Amino acid sequence: MHVLVAITGRDCSKIIAALAARLPGITISQWPNCENLTEVEFVIAWLAPAQMWSQLPNLKVVSSFGAGVDSIDMSLIPDNVVVTRIVDENLAQDMAEYVLTHILAHKLRLKEYSIKQQNMLWQPKRAFNHRHVVILGFGELGKSCAKRLLANDFSVSAFSQSPKNFPLVNCIQHRNDLTNVLPQADYLVCLLPLTAQTKGFINRDLLAQLPPHAVLINVARGQHVVAEDLLWALDNQVIRAATLDVFEHEPLAVEHPLWSHPAITVTPHCAALSDVNSVTGQIADNVQRLQAGDKLNNKVDRTKGY
């Protein structure tokens, strides 16, 4: 068995060391330093170079290094190759804490007070009495966020593209139902998978359906939000504020207006960072399952893209 690590933009030494410890006797290489590409059966990928895929004639499995698979160009991978993703409980817990924290920060006006502190202004106000959260995308991360929000006395509606049933959550599937829910949304949390259908999902038309006090929190992918439309919505008081953890191009360019907008909180794609031990444990398990001819975990439905 030959495993190839094709992850760009980061030091992979810890990943390879963790895999080697879990997979004794298995060859592990890193792109482009791999002499026997014809022997590669399993690839761990994140933004892998396009020219690599055609050089892997015996490829059987591609594992995303993250929870999403939007970093993998499915059109370059043969139909008979299985694609898997990571499902990390720690990731879900971290995401839930991040979402709850930023909702409470907006509810309690913390950014407003931070700005006032800089100007030495003593102007107390009551916290906002807003408690309805609408979650876009209701996979494992969305469900974890819903649990934490419900435990803190928020009401939750959740939109997904497949039917879901979750205690105390108003689960909706159709866009018409979403249209009915958005005008009652105090906080809109984006956790959608990135597909051709969800790119630009949060645009001027959708933002205009929210009440003026609404807050957007995007922790999915930057491509879900049309940045120009969000700036328009904030500048025209269509919505009140936004927290953005993800951006179309990362890191966010220093000259980008999102940095300095007074109604926007920017964080550096840190809402839920993958734990190397947890991720490599799941990947190693699937490598061993492939060796044994067993069913793989966390397979992606390639027709849906997630």
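## Around Ile-239

Let's start with one side chain's surroundings: leaving aside residues up to four places away in sequence, Ile-239 touches Leu-207, Leu-210, Pro-211, Pro-212, Ala-214, Leu-216, Leu-230, Ala-233 and Leu-234. A second, separate core of 27 residues has Tyr-98, Ala-146, Val-215 and Ala-241 among its members. Keep in mind that this is a predicted model.

## The largest core

Ile-239 turns up again in the largest nonpolar core, which has 34 residues; together with Leu-136 and Ile-202, Ile-239 touches the most other members. Who supplies the residues? At least two each come from β6 (132–136), α5 (175–181), β9 (187–190), α6 (204–207), α7 (227–235) and β11 (241–244). The top contributor is α7, which puts in five residues. As a general backdrop, nonpolar side chains in soluble globular proteins tend to be buried together.

## The sheet

Now for the strands. Seven of them make an open sheet with parallel pairing, in the order β8-β7-β6-β9-β10-β11-β12. Which strands stand at the edges? They are β8 and β12 (264–266), and each has a single partner strand, so one side of each is left without a neighbour in the sheet. On average, neighbouring strands here are turned by 15° against each other, if you ignore direction.

Over on the β10 side, strand β10 (residues 215–218) pairs with β11 in the parallel sense, with four bridges between them. Within that pair, Asn-218 of β10 sits opposite Leu-244 in β11. On the sheet packs helix α4, which touches β6, β7 and β8, and the direction of α4 makes about 175° with that of β6.

## β7 and its two partners

Strand β7 (residues 155–159) is mostly covered, with four of its five residues buried. It runs parallel to β6, and five bridges join the two. Leu-136, already met as one of the best-connected members of the largest core, has Phe-159 as its bridge partner in β7. To get from β6 to β7, the chain goes through helix α4 (residues 140–151), and the resulting β-α-β crossover is right-handed.

What about the pairing with strand β8 (residues 169–172)? β7 and β8 also pair in the parallel sense, over four bridges. Here Ser-157 has Asn-170 in β8 as its bridge partner. So β7 has β6 on one side and β8 on the other, as the strand order shows.

Notes
Residues numbered from 1 in each chain as written. Predicted model: local features only at pLDDT ≥ 70, side-chain atom pairs only at ≥ 80, totals over all residues. Heavy atoms only, no water. Core = buried A, V, L, I, M, F, W, Y, C linked by side-chain atoms within 4.5 Å. Buried < 20%, exposed > 50% of the residue type's maximum accessible area, 1.4 Å probe, protein only. Contact = heavy atoms within 4.5 Å. Pairing = 2+ DSSP bridges. Right-handed = clockwise from strand over helix to strand, strands pointing away. Axes fitted to C-alpha atoms, helices over the stretch in contact; angles between N-to-C directions.
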